Amino acid sequence: MRLLKVATCNLNQWAMDFDCNLNNIKESITQAKQAGAVIRLGPELEITGYGCEDHFLELDTINHGWECLKEILVGDWTDGILCSIGMPVIKGSERYNCQVLCFNRKIIMIRPKMWLANDGNYRELRWFTAWKHKDQLVDFQLPSEIAEAILQQSVPFGYGYVRFLDTAVAAEVCEELFTPIPPHAELALNGVEVFMNASGSHHQLRKLDVRLRAFIGATHTRGGVYMYSNQQGCDGGRLYYDGCSCVVVNGEVVVQGSQFSLRDIEVVTAQVDLDAVASLRGSISSFQEQASCKNTVSSVLVPYKLCQPFNMQMSLSSPLQINYHSPEEEIAFGPGCWLWDYLRRSGASGFLLPLSGGADSSSVAAIVGCMCQLVVKEIEKGDEQVKADAIRIGNYTDGQFPTDSKEFAKRIFYTVFMGSENSSEDTKKRAKDLADEIGSWHLDVSIDGVVSALLSLFQTLTGKRPRYKVDGGSNIENLGLQNIQARIRMVLAFMLASLLPWVHSKPGFYLVLGSSNVDEGLRGYLTKYDCSSADINPIGSISKQDLRAFLRWAAVHLGYSSLAEIEAAPPTAELEPIRSNYSQLDEVDMGMTYEELSVYGRLRKIFRCGPVSMFKNLCYRWGSRLSPSEVADKVKHFFKYYSINRHKMTVLTPSYHAESYSPEDNRFDLRQFLYNARWPYQFSKIDELVKELDGDKVAFGETSDQDKSRANGLGMGVVAAGSGDPKSGL
């Protein structure tokens, strides 16, 4: 037997905070060595942090990376352990995303990334060059300060692997695993037994299974030990890196780290038998045949043994059942951990949330409550960093610290119900009940006086006073009156966030939390510069359907029972007067259901459908319930309001990224914001298709009555042209 102990880790790095990042790296190496590991793998670009973005273009960033690496190398951290450390490196005039392999205070090899992530949230080609020379390792002259410090002038640079006396080890960096021809396939044929994948992979709902299946597939048919390391936490942007570092042996997961955690450092280790890898490969005839005619990959020899012989005191890691969180748990823990990182690193003293008693703001409140619960649990487990942060943020004195999540919430979380004459007693009570369950400092404020003052000012200026539509006003008046209420709430929220800490003799300021969901953003069903305009938004990339499922889950598992009643209530903005024959509802205002919005969003973004392609797809999907002309009306209605309101995405509050069809304009969904909302060419093509399809139905004897019998299969119809949209104001 060749027994090998390996360590991989989740690190909560912070872009451009070199002190924080270096300390985490050192501590992870120390823990790995204490556990007896001889290989330690860290996340991609761990020295700088993955999310530096255009800071990668600054020479300071590169130089600071080398300075941190020198500090690691001149100490004893790499003694007896192979460390793969991620950092940017400039070679000649090109900048590369690299894994630097260090052992016994020397740099063994620098492995540049060959296939860069350049879609979705990733823009690596903006900052880095892909390494294209697969046929050789080249000589890289180390910076003079490094060379002098470690007495080493140069190092092999490029695509290759490290040959020890008893095994072979290679790096495969993040995106390379997911390419059509991943490097590990060729490396396995060259005898590499241990693969180290350093990653900077962000959380997305229901994504973890895709990642783990890739690790399992990498070694299932070709054998090997696949190590995976990832960042964990918010490193300064919209993404939450969701950890889940793991080790896979011959297609089976033997150790798995947490996906969501408040810890800065989590090291997981595995004891593996490399003879099991050799045995599997020897039993696969096709592997043997392909290995016999392989392309030779360059390597670096290190005359050192990593493995231990058979020893009964060293137990092998056994396959385990993979731990997957439900989507509801992901919504609770992912944004909850992201909020904690943002709070402790921003210098703020807490959060302020306009709490309406509706599903969206209640979801945000529940996530903050979950965050408070996670903080208390982590302190109970003995995490001193979480404890120190909680004491500072909660303004504890005399040795006190959080022991109860409701008490902690009282110190760091304000909720405000900003009611008007259009608000119902039901939503007011729901907001109060939820605030009591979470423990927030809750305020009840009426904005009617401010609204009346603004309307009086308007009347003084123009001689006219607008009326609601139910009182005989026009669509323009109706919309204007709703937008006034919405924007007053935004102004009031920021005023309270800045001044309430002063009122209560607390230091600092509060961050305002937004609560618009991904579907409202896609449709533009929000007022520009209303309560959707906040400092950050933990649910801005989560669908309404997922949020409602989360509310049902949280009512039970977080202990906030009032959420069940909130989820059951029909969504409403409560911006228009309530009458016996009229009650404002979101789906009626939008002219589409939230379920339909999710379908439109996925077709538009994930399947890259324009109006015509979307119409064709929905004819197949909805054809049994709707006629082609009805499908066409729905598609046109969506694209009309999507394009009219696209400008709102340019000022959308920075939101936690969780959904693959997010319309976030900053980096994920890059499109114009001034459209011809009539879509004349595309809509005319749809009209032509409708005529063709209707003609086909007549030819087959299908009558218009049959068409009508299938109508309304999805609930909401399309609102009439020119009708008001209470949240579509500029």
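## Close-up views of a predicted model

**View 1. A salt bridge inside helix α9.** Aspartate 341 and arginine 344 sit three residues apart in helix α9 (residues 327-346), about one turn of the helix. Keep in mind for this and every other view that the model is predicted. The two side chains form a salt bridge, with the closest N and O atoms 2.9 Å apart. Side chains of opposite charge can pair when their charged atoms come close. An α-helix has 3.6 residues a turn, so residues three or four places apart point the same way. Are these two partners buried or exposed? Aspartate 341 counts as buried because its relative accessible area is 3%, under the 20% cut-off. Arginine 344 has a relative accessible area of 10%, so this partner is buried too.

**View 2. Helix α9 from end to end.** How far apart are the end C-alpha atoms of α9? They are 28 Å apart, and this agrees with the 28 Å that the helix's 20 residues should span at 1.5 Å a residue. Most of α9 is covered, with 15 of its 20 residues buried. Right after the helix comes glycine 347, which has a positive phi near 85°.

**View 3. A salt-bridge network that takes in the α9 pair.** Which residues are linked with Asp341 and Arg344 in a network of salt bridges? The other members are Asp264, Asp389 and Arg392. One of them, Asp389, is a buried residue of helix α11 (residues 384-394), the helix shown in the next view. For scale, the whole structure holds 34 salt bridges.

**View 4. Helix α11 and its buried face.** The buried residues in α11 are Val386, Asp389, Ala390, Ile393 and Gly394. Looking down the axis of α11, you find these buried residues within an arc of 115°, so they line one face of the helix. What covers them? The cover includes α9, α10 (359-380) and α12 (405-412). Both ends of α11 are worth a look. At the N-terminal end, aspartate 383 acts as a cap, with a side-chain oxygen 3.0 Å from the backbone nitrogen of glutamine 385. Just after the helix, asparagine 395 takes a positive phi of about 60°.

**View 5. Lysine 429 and aspartate 433 in helix α13.** Here is another salt bridge within a helix: the closest N and O atoms of aspartate 433 and lysine 429 are 2.7 Å apart. The two residues are separated by about one helical turn because they lie four residues apart in α13 (residues 425-438). Lysine 429 has a relative accessible area of 52%, so this residue counts as exposed. Aspartate 433, with a relative accessible area of 25%, is partly exposed.

**View 6. A buried salt bridge between loop residues.** The side chains of aspartate 669 and arginine 646 meet in a salt bridge, 2.8 Å from N to O. Both residues lie in the loop between α22 (628-644) and α23 (680-699), so the pair ties together parts that are 23 residues apart in sequence. How accessible is each partner? Aspartate 669 is buried, with a relative accessible area of 0%. Arginine 646, at 1% relative accessibility, is buried as well.

**View 7. Asparagine 197 in strand β10.** Asparagine 197 belongs to strand β10 (residues 194-199) and counts as buried because its relative accessibility is 1%. A polar atom of the asparagine 197 side chain lies 3.4 Å from the backbone oxygen of glutamate 172. Setting aside residues up to four places away in sequence, asparagine 197 touches Leu41, Glu172, Val173, Cys174, Leu177, Tyr226, Met227, Tyr228 and Ser229.

**View 8. Serine 440, between α13 and β19.** Serine 440 sits in the loop between α13 and β19 (441-446). This residue is buried, with a relative accessible area of 4%. Which side chain does the serine 440 side chain make a polar contact with? The partner is the side chain of threonine 415, at 2.8 Å. Leaving out residues up to four places away in sequence, serine 440 touches Ala409, Lys410, Phe413, Thr415 and Ala435.

**View 9. Alanine 276 in helix α7.** Alanine 276 lies in helix α7 (residues 274-282). At 33% relative accessibility, alanine 276 counts as partly exposed. Asparagine 250 is 26 residues away along the chain, and the C-alpha atoms of the two residues are separated by 8.1 Å.

Note on methods. Residues are numbered from 1 along each chain as its sequence is written. This is a predicted model: local features need pLDDT of at least 70, side-chain atom pairs count only at pLDDT 80 or more; totals for chains, interfaces and linings use all residues. Side-chain values use heavy atoms; hydrogens and water are left out. Buried means under 20% relative accessible area, exposed over 50%, partly exposed in between (1.4 Å probe, protein chains only). A polar contact is a pair of N or O atoms within 3.5 Å; within protein, one must be able to donate a hydrogen and the other to accept it, and residues adjacent in sequence count only if both atoms are side-chain atoms. Contact means heavy atoms within 4.5 Å. A salt bridge is a side-chain nitrogen of Lys or Arg within 4 Å of a carboxyl oxygen of Asp or Glu. The arc is that of the directions from the helix axis to the C-beta atoms. The expected span of a helix is 1.5 Å times one less than its number of residues.
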